[in-house]
Amino acid sequence: MSRVYNFSPGPSMLPMPVLERVRDELFDWEGTGCSVMEVSHRGKPFVDLACKAEAQLRALVGIPDDYRVLFLAGGAQTQFAAVPMNLAGNGELVSYVNTGSWSTKAIEEARKHCPVHVVASSEAEGFSCIPLREAWDVRDDAAYLHYTPNETIGGVEFHWVPDVGDVPLVADLSSTILSRPIDVSRHGLIYAGAQKNAGIAGVTIVIVHDSLLGRADARTPTTLHYGAQVKQDSMANTPATFAWYVMALVLEWISEQGGVAAMAKRNAAQAQRLYSYIDASTFYTNPVRGSDRSLMNVTFVLPTSELDQPFLAAAQDAGLSGLKGHRSVGGMRASIYNAMPDEGIDRLLEIMEAFENANS
Ligand code: PMP
């Protein structure tokens with residue numbers, strides 16, 4: 001067997017013990033004589049798994065009792081539509097901070113449902129920083145204010161939770177949930193696709209405060225309607241059972257590793273090693289403002305784009321995959337989610353150094 005260190009932005013690397021458990025349980029899950037993919041989502045074994053996953057997520061993230069937890073389908077981009085449909089059901093004004101590709105997409109989707117006010121944008125800076133809070137034009141009459149704590153493509157991250165007064169704060173935590181502690185109580189709603197830090201594609205975590213239920217547009221499809229899904233324990237339709245199961249295993253693995261605090265410590269150390277190397281080098285550069293650099297997606301560019309393909313080929317030869325930056329920004333991106341072992345960083349640094357020496 002030959003496994004690479006996979007730096008993909010998502011779907012991304014899974015912890016080896018999780019893959020091993022999936023393999024071991026594939027033909028006979030929990031003594032059912034079936035795989036988890038073949039049992040009813042309404043049967044006791046699966047319902048028990050669902051309850052356990054919610055309890056584990058609540059414990060890991062520290063979700064207060066007055067929040068509901070949903071596990072929905074459709075990925076984070078479906079939430080780009082579900083959020084305005086559920087929270088601004090009467091077409092109220094909604095606010096967004098634009099920090100890059102994902103917030104831009106969220107804004108475009110919201111515009112289909114209601115008027116959007118962009119409170120701040122770093123577009124003029126090439127999305128290389130988080131706009132300073134003092135410069136935001138926050139409107140008190142907005143139904144919510146949406147931000148993207150980590151821009152997976154640009155590698156820009158909020159290292160603070162914005163204070164927006166009484167306006168409910170909505171966060172797309174797709175690429176940072178479970179990677180570091182987050183104060184849920186400062187938010188009205190949090191959503192995140194699972195395929196980076198929490199499992200595989202197919203399940204999306206939604207954490208919503210009780211006070212925000214009951215604001216939905218009546219035309220919201222039942223499967224996207226938070227209130228309806230709360231009533232039916234996220235099973236208004238047949239859920240993505242396998243994705244849910246893998247997420248439950250990943251949550252268990254995070255707990256065994258020491259929880260989110262332990263993840264955060266390791267993630268920060270790994271990112272620090274990469275940024276320190278990049279900053280000390282005259283060959284690689286990272287375009288993001290120092291205070292706003294992502295701990296999950298470390299981007300770097302080589303002196304010329306002609307070196308991109310040779311770099312990627314050298315990395316692949318050394319057992320490193322998924323380093324190509326997003327097509328919209330180019331360069332390289334090392335996505336170092338929870339499952340990335342320290343050895344992956346060691347190997348990446350070795351390759352970066354060898355390539356720099358050979359090409360400068
Ligand atoms: N938001 C962020 C921050 C993301 O990183 C991604 C996926 N990379 C998405 C939204 C979209 O997720 P999905 O493809 O699951 O809809």
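**Exercise 1. Work out which polar contacts hold the ligand's place in the model.**

Start with glutamine 195: a polar side-chain atom of this residue lies 2.9 Å from an oxygen atom of the ligand. A polar contact here is a pair of N or O atoms within 3.5 Å. Next, an N or O atom in the side chain of lysine 196 is 2.8 Å from a nitrogen atom of the ligand. Alanine 76 takes part through its backbone, with an N or O atom 3.2 Å from a ligand oxygen atom. Finally, the protein covers 86% of the 400 Å² of accessible area that the ligand has on its own; areas come from the Shrake-Rupley method with a 1.4 Å probe.

This is a predicted model, in which local features need pLDDT of at least 70 and side-chain atom pairs count only at pLDDT 80 or more, while totals for chains, interfaces and linings use all residues. Residues are numbered from 1 along each chain as its sequence is written, and side-chain values use heavy atoms, with hydrogens and water left out.

**Exercise 2. Describe how helix 6 packs on helix 7.**

Locate the helices, which are DSSP runs of H or I with at least four residues, numbered from the N terminus: helix 6 spans residues 241-256 and helix 7 residues 259-280. Their axes, lines fitted to C-alpha atoms over the stretch in contact, are 7 Å apart at an angle of about 75°. Helix 6 is therefore roughly perpendicular to helix 7, a class that runs from 65 to 115 degrees. Then list the contact (heavy atoms within 4.5 Å): Trp253, Ile254 and Ser255 of helix 6 meet Gly259, Val260, Met263 and Arg266 of helix 7.

**Exercise 3. Find the cis peptide bond.**

The bond from glycine 10 to proline 11 is cis, with omega near 0°. Proline 11 sits in the loop between strand 1 (5-6) and helix 1 (16-25), a strand being a DSSP run of E with at least two residues.

Key
Axes are lines fitted to C-alpha atoms, for helices over the stretch in contact, and angles run from 0 to 180 degrees between N-to-C directions. Angles under 35 degrees count as roughly parallel, over 145 as roughly antiparallel, 65 to 115 as roughly perpendicular and the rest as oblique. A polar contact is a pair of N or O atoms within 3.5 Å; within protein, one must be able to donate a hydrogen and the other to accept it, and residues adjacent in sequence count only if both atoms are side-chain atoms.
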